[in-house]
Amino acid sequence: MPIGHQLDATTRPSVAVLGAGSWGTALAALIARHGHSTVLWGRDAGTISAIEANGENPRYLPGIPLPGTLRATTALPEAMADADLVLVVVPSHAFAETLRALAPWREPGAGVAWATKGFEPGSGRFLHEVAGEVLGDDVPLAVVTGPSFAKEVAEGLPTALTVHSEDAVFCQQVADALHGPAFRAYTGDDMCGAELGGAMKNVLAVATGVADGMGLGLNARAGLITRGLNEMLRLNIGIGGRPETLMGLAGLGDLVLTCTGDLSRNRRLGLALGRGQSIEDAVRAIGQVVESIQTADEVMRLAQRHGIELPIAENVRDVLHGDITPAEGLRRLMARERKAEYPQSLFD
Ligand SMILES: NC(=O)C1=CN([C@@H]2O[C@H](COP(=O)(O)OP(=O)(O)OC[C@H]3O[C@@H](n4cnc5c(N)ncnc54)[C@H](O)[C@@H]3O)[C@@H](O)[C@H]2O)C=CC1
Ligand SMILES: O=C(CO)COP(=O)(O)O
């Protein structure tokens, strides 16, 4: 278990946020508003100079003013200099390369947290496994997850999420930076469960989006959310996570948000597929990262390794691959054998 570095409670840690898309920008703005010295790093020079010049991220959060104290740069060493806390907010496909890039510039003792949702594409590793391997065992690590649309956080609307870490001191440091008048940050120490919930809800948001796009009604949506939660819980227990993690913000909370809120890109992908659009056209129209496309494969590989059946996630994967139509997915789900809702207790 990593050893947390001691913090002076009277000082506010300086924060480097890596990834200037919608979520990285919203989190950097939140932390800067809380009085932390905050630098946002992004690879796109146009976006970074617009943030510096106009206090706005025109591509990802148009029309939302960012705090004047927030600095932005394309130079990673500059962003990392003096950072006590690093928050990585790039898509999952860029997670490992971003960690490798930041590692040489990390200040001694600085912990690394991430708000990325998903697995390492290809290997299917959990992001905390990737971080442990790239950064080593003595770097404090934490995951930030929960129901939180970037636009609403950037607008200062009330939000609650959760920070999980095996390092209690670092966990508190990350939660302190996020917690504020319009933002509640809870804490926990189940990184596996927290990461699984954040990744899996994206796949289930596609399922409810497809159902809504096909006009299947509100009963179908509620049924999918509930049976989807059940799939999350069963897989989580299979991997040794704790059930209560997924009954909270990292699971149920984020599942409800993304399965019902049209700000969700994963739900919008499902809506488009359910209305008969192609995946290519839908992804182009959304114009931002849609994590479920890779996560569906990794969730199914993980489930197969643990011998766990996930009918909804499996159908989402097959629809995303173009192997079946949404109508065929519906037929498959409705034709499944009848059974007890809970053949065995989840909580034994
Ligand atoms: N937007 C949201 O409301 C929330 C997003 N998340 C998660 O945060 C992560 C990031 O998502 P968003 O910011 O929403 O995506 P986005 O699509 O808004 O922005 C992605 C950003 O990543 C950058 N990027 C892509 N590849 C890169 C690379 N190889 N190196 C460096 N930067 C790279 C892009 O330039 C862009 O700035 C995802 O895992 C997402 O699931 C989590 C909670 C809320
Ligand atoms: O993770 C999110 C909200 O918690 C954002 O969901 P989408 O990636 O589907 O937009």
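A crossing of two helices is left-handed if the near helix is turned anticlockwise from the far one by less than a right angle, and right-handed if clockwise. Keep that in mind for the first view; every panel here shows a predicted model.

**View 1. Helices α12 and α13 cross in a right-handed manner.**
Here we look at α12 (265-274) and its partner α13, which covers residues 279-286. The axes of the two helices lie 9 Å apart, and the packing angle is about 140 degrees. Angles over 145 degrees count as roughly antiparallel and 65 to 115 as roughly perpendicular, so α12 and α13 are oblique to each other.

**View 2. The residues where α12 meets α13.**
Moving in on the same pair, you will find Arg265, Arg268, Leu269, Ala272 and Leu273 on the α12 side. Facing them from α13 are Ile279, Ala282, Val283 and Ile286. Sorted by class, this contact holds 7 nonpolar and 2 charged residues, with no polar ones.

**View 3. Ligand 2 and the residues around it.**
The shell around ligand 2 has 13 residues, and those that come nearest are Ser148, Thr258, Ser264, Arg265 and Asn266. Three elements each give two or more residues to this shell: α8 (191-213), α11 (249-260) and α12 (265-274). Helix α11 provides the largest share, with 3 residues. As for chemistry, the shell is made up of 5 polar, 4 charged and 4 nonpolar residues. Arg265 is worth a second look, as it is among the residues nearest to ligand 2 and also belongs to the α12 side of the contact with α13.

**View 4. Ligand 2 lies between the two domains.**
Stepping back a little, we can place the ligand within the protein, which is divided into domain 1 (15-189) and domain 2 (199-334). Both domains give residues to the shell around ligand 2, which is why the ligand lies between them.

**View 5. The contact of domain 1 with domain 2.**
Taken over C-alpha atoms, the centres of the two domains are separated by 25 Å. Their contact takes 20 residues from domain 1 and 19 from domain 2. On the domain 1 side, strands β7 (159-164) and β8 (183-188) are the elements that give two or more residues. The largest share of that side, 3 residues, comes from β7. By class, the domain 1 side divides into 10 polar, 8 nonpolar and 2 charged residues.

Methods:
Residues numbered from 1 in each chain as written. Chains lettered and ligands numbered in written order. Predicted model: local features only at pLDDT ≥ 70, side-chain atom pairs only at ≥ 80, totals over all residues. Near = placed C-beta within 6 Å. Helix = DSSP H or I, 4+ residues; strand = E, 2+ residues; numbered from the N terminus. Nonpolar A, V, L, I, M, F, W, Y, C, P; charged D, E, K, R; others polar. Domains from an automatic or database assignment. Axes fitted to C-alpha atoms, helices over the stretch in contact; angles between N-to-C directions. Parallel < 35°, antiparallel > 145°, perpendicular 65-115°, else oblique. Contact = placed C-beta atoms within 7 Å.
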